[in-house]
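Trainee: Got a minute to go through this one with me? I'd like to start with how the helices pack.
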Amino acid sequence: MPEWAFSGAARLDAAVERRADPEVGGLGRRLAVLPGGPGLAVTIAELVGGGTPGAAAGEAAASQDGCESAAPEELDTGWGWLDDLDAASVVEVVAAFERTAAWARAGAARAAAALSDRPETRPQWPAAAGVVTEQCTASTDLSLRLGVTRHSARALVDVGRTLRGPMRQTGAALEVGDVDWDKARTLVEVLRDVPLAVSLEVEAAVLPSASALTRPQVARAAQRALQRVDHRDAAERHARARAGRHVGRPRILPDGMAAVTAVLPAEAAVRLDACLQAAAVSARRGGDGRTTDQLRADALDALARSAWAAGWIGSAPGAPRGGSPSPEVVSSVEAGASSGDPHEAVSGEWSPTANRTPVPAMRLAQDAGRGTLVSVTVGLGTLLGLDDRPGELAGYGPIGADVARLLATEGTWRRLLVDEVSGTLLDVDRRRYRPPAGIVDHVRRRNRTCVFPTCSVPAASCQVDHTVPFPHGPTAADNLGPLCTTHHQLKTHAGFRLEQPSPGSFVVRTPTGHVYVQPPDEQPGIPTTDVDGVESEPPF
């Protein structure tokens with residue numbers, strides 16, 4: 001039995017000694033020694049379903065090896081039994097639920113790995129498919145079925161394959177709940193490209209103490225063990241990891257906010273952090289009333305604003321190096337400042353004579369649309385202040401009326417015709433010499449992301465696909481839809497079928513026989529309806 005389980009029981013024994021009731025901690029002691037698995041799951045189900053806590057735990061302990069306990073029948077669920085337990089036992093109930101969750105996660109990962117072996121997820125890719133970055137389609141099947149990103153589904157498959165293979169000990173620890181999913185996944189990621197002998201030695205060194213460590217502590221322990229076991233390969237490992245550096249797309253947060261994450265080489269991350277901190281400290285010294293966190297965020301935005309205004313990241317060729325920060329940076333960082341010298345907010349201890357390694361400049365692509373950096377769709381009533389219906393920020397999602405109005409004030413306007421009953425985009429008032437370009441424009445505004453459910457790739461980055469392949473299907477809005485490169489390949493070469501029963505509405509049929517429906521995007525600025533189909537009154 002894992003050492004941590006016995007220590008949990010010992011802590012409960014100490015609690016009993018301090019109190020007169022000999023039954024205090026009885027359930028907790030029983031739960032503490034039960035590893036994750038079917039027996040513990042049955043115990044928890046009986047507790048929640050109204051069974052006798054002590055008897056349920058005892059029966060589970062007796063039947064753990066043979067897993068003889070049957071799943072409970074339909075019972076009235078309730079949580080009142082928690083009120084009758086001492087605090088120490090409640091702690092062990094929480095731990096038992098977590099071990100059960102780890103066992104369930106291990107089972108899901110093993111099943112995901114098994115799915116990746118099935119012929120339905122292993123299509124024979126023809127040469128016409130070009131470069132296929134993901135040969136197995138299991139992650140797409142699971143993404144659609146679980147309602148998670150393809151990245152999360154791929155991690156489930158990859159970790160499952162690793163835990164049933166070279167890292168079986170970590171898989172076993174996950175099944176009994178010695179480690180949770182995050183710790184198991186961390187170990188897999190740290191040891192992903194490590195030789196098998198080294199991986200096994202590191203795994204053996206880290207697992208015994210992993211149950212008492214947090215996920216970041218497990219990552220650090222694995223890195224230390226890896227350096228100790230195979231320090232000669234450190235440079236090659238860093239080169240492999242460095243090749244995976246990336247910055248994620250904005251992730252939606254509540255109330256008009258978004259999160260952007262970056263995975264950088266350590267020196268680059270420290271340099272960025274130091275720059276933001278120096279700007280914040282300097283501004284605070286100058287009397288700026290914003291918090292350090294706010295200043296760091298505004299400084300990062302100022303870097304992007306300055307680059308966007310100049311058309312370059314770094315110094316453009318021929319531009320003088322050194323000197324004062326550009327006016328764009330100063331004004332951007334100072335936006336909303338309560339006081340202080342404008343230059344002080346950005347430059348801090350900056351010196352034009354400081355020794356610097358030349359930074360290669362990167363030109364911003366003109367076809368990225370500098371004039372469409374921020375694309376906002378907002379209803380006319382919202383724009384005129386007649387209502388407060390939300391707008392839509394391209395690449396992000398819904399935003400409040402005030403934010404939409406603010407962003408739209410400096411925009412270039414185009415009229416969109418929508419169906420006010422369904423909110424479906426009908427037409428784009430834009431005349432061009434080549435009609436297909438207008439149709440593409442229309443389709444990308446009707447469906448703002450890839451039309452596969454769970455895919456968030458912006459339509460502007462997608463290929464516009466004929467739902468019924470041309471020439472069998474027409475080049476018309478009701479036969480076109482945006483598909484990201486991956487899903488376009490799956491539809492064309494891997495047996496995924498796509499239908500468009502009505503303009504902008506799509507049905508996906510997978511090789512496993514599952515069917516998923518993607519309704520058309522509702523266009524912002526359209527009146528909402530209540531449950532009876534009656535239009536809601538505008539808030540004015």
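Mentor: Start with one pair. From helix 10, Val198, Glu201, Val202, Ala205, Val206 and Ala210 meet Val218, Ala221, Ala222, Ala225, Leu226, Arg228 and Val229 of helix 11. Bear in mind that this is a predicted model.

Trainee: At what angle do the axes of helix 10 and helix 11 cross?
Mentor: At roughly 140 degrees, and the axes come within 9 Å. Helix 10, residues 196-210, is therefore oblique to helix 11, residues 215-229. The cut-off for roughly antiparallel is over 145 degrees.

Trainee: And which hand is the crossing of helix 10 and helix 11?
Mentor: Right-handed.

Trainee: Pick a residue there. Is Ala222 buried or exposed?
Mentor: Ala222, which sits in helix 11, is buried, with a relative accessibility of 0%.

Trainee: What does Ala222 touch, apart from its neighbours in sequence?
Mentor: Setting aside residues within four places, Ala222 has contacts with Leu187, Val190, Val202 and Val206. Val202 and Val206 are among the helix 10 residues that meet helix 11. Leu187 and Val190 fall within the range of helix 9, residues 181-190.

Trainee: How far is Ala222 from Ala210?
Mentor: Their C-alpha atoms are 9.8 Å apart, with the two positions 12 residues apart in sequence numbering.

Trainee: You mentioned helix 9. How does helix 9 pack against helix 7?
Mentor: The angle is about 75 degrees and the axes are 10 Å apart. That makes helix 7, residues 150-163, roughly perpendicular to helix 9.

Trainee: Which residues make the contact between helix 7 and helix 9?
Mentor: On the helix 7 side they are His151, Ala155, Leu156, Val159, Thr162 and Leu163. On the helix 9 side they are Trp181, Arg185 and Val188.

Trainee: There's a glycine in helix 7 as well, Gly160. Why does Gly160 count as buried?
Mentor: Because its relative accessibility is 3%, and the cut-off for buried is under 20%.

Trainee: What is packed against Gly160?
Mentor: Ala109, Ala113 and Ala155, if residues up to four places away are not counted. Ala113 is 47 residues from Gly160 along the chain, yet their C-alpha atoms are separated by 5.1 Å.

Trainee: Next pair. What are the angle and axis distance for helix 13 and helix 14?
Mentor: About 120 degrees, with the axes 8 Å apart. Helix 13 and helix 14 are therefore oblique to each other, and the crossing is right-handed.

Trainee: Which side chains are involved between helix 13 and helix 14?
Mentor: I can give you the residues. Leu272, Asp273, Leu276, Gln277, Ala279, Ala280, Ala283 and Arg284 in helix 13 meet Thr292, Leu295, Arg296, Ala299 and Leu300 in helix 14.

Trainee: Which residues of helix 13 are buried?
Mentor: Ala268, Leu276, Ala279, Ala280, Ser282 and Ala283. Of these, Leu276, Ala279, Ala280 and Ala283 are also listed among the contacts to helix 14.

Trainee: And which are buried in helix 14?
Mentor: Leu295, Ala299, Ala302, Ser306 and Ala307. Down the axis of helix 14 its buried residues fall within an arc of 120 degrees, so they line one face of the helix.

Trainee: What about helix lengths? What span should helix 14 have?
Mentor: At 1.5 Å a residue, its 19 residues, 292-310, should span 27 Å, and the end C-alpha atoms are 27 Å apart, which agrees. Helix 13, residues 266-285, has 20 residues and reaches 28 Å, close to the expected 28 Å.

Trainee: What follows each of those helices?
Mentor: Helix 14 is followed by Gly311, with a positive phi near 80 degrees. Helix 13 is followed by Gly287, where phi is positive and near 95 degrees.

Trainee: Switching to backbone oddities. Which residue has a positive phi although it is not a glycine?
Mentor: Thr454, at about 75 degrees. Thr454 lies in the loop between helix 19 and strand 12 and is partly exposed, at 33% relative accessible area.

Trainee: Where is there a cis peptide bond?
Mentor: Between Phe470 and Pro471, with omega about 10 degrees. Pro471 is in the loop between strand 12 and strand 13.

Trainee: Last one, the whole chain. How many helices and strands?
Mentor: There are 20 helices and 16 strands. Of the 540 residues, 37% are buried. Among contacts with a separation of 6 or more, 56% are between residues 24 or more positions apart.

Terms used:
Residues are numbered from 1 along each chain as its sequence is written. This is a predicted model: local features need pLDDT of at least 70, side-chain atom pairs count only at pLDDT 80 or more; totals for chains, interfaces and linings use all residues. Side-chain values use heavy atoms; hydrogens and water are left out. Helices (H or I, at least four residues) and strands (E, at least two) are DSSP runs, numbered from the N terminus. The expected span of a helix is 1.5 Å times one less than its number of residues. Buried means under 20% relative accessible area, exposed over 50%, partly exposed in between (1.4 Å probe, protein chains only). The arc is that of the directions from the helix axis to the C-beta atoms. Axes are lines fitted to C-alpha atoms, for helices over the stretch in contact, and angles run from 0 to 180 degrees between N-to-C directions. Angles under 35 degrees count as roughly parallel, over 145 as roughly antiparallel, 65 to 115 as roughly perpendicular and the rest as oblique. A crossing is left-handed if the near helix is turned anticlockwise from the far one by less than a right angle, and right-handed if clockwise. Contact means heavy atoms within 4.5 Å.
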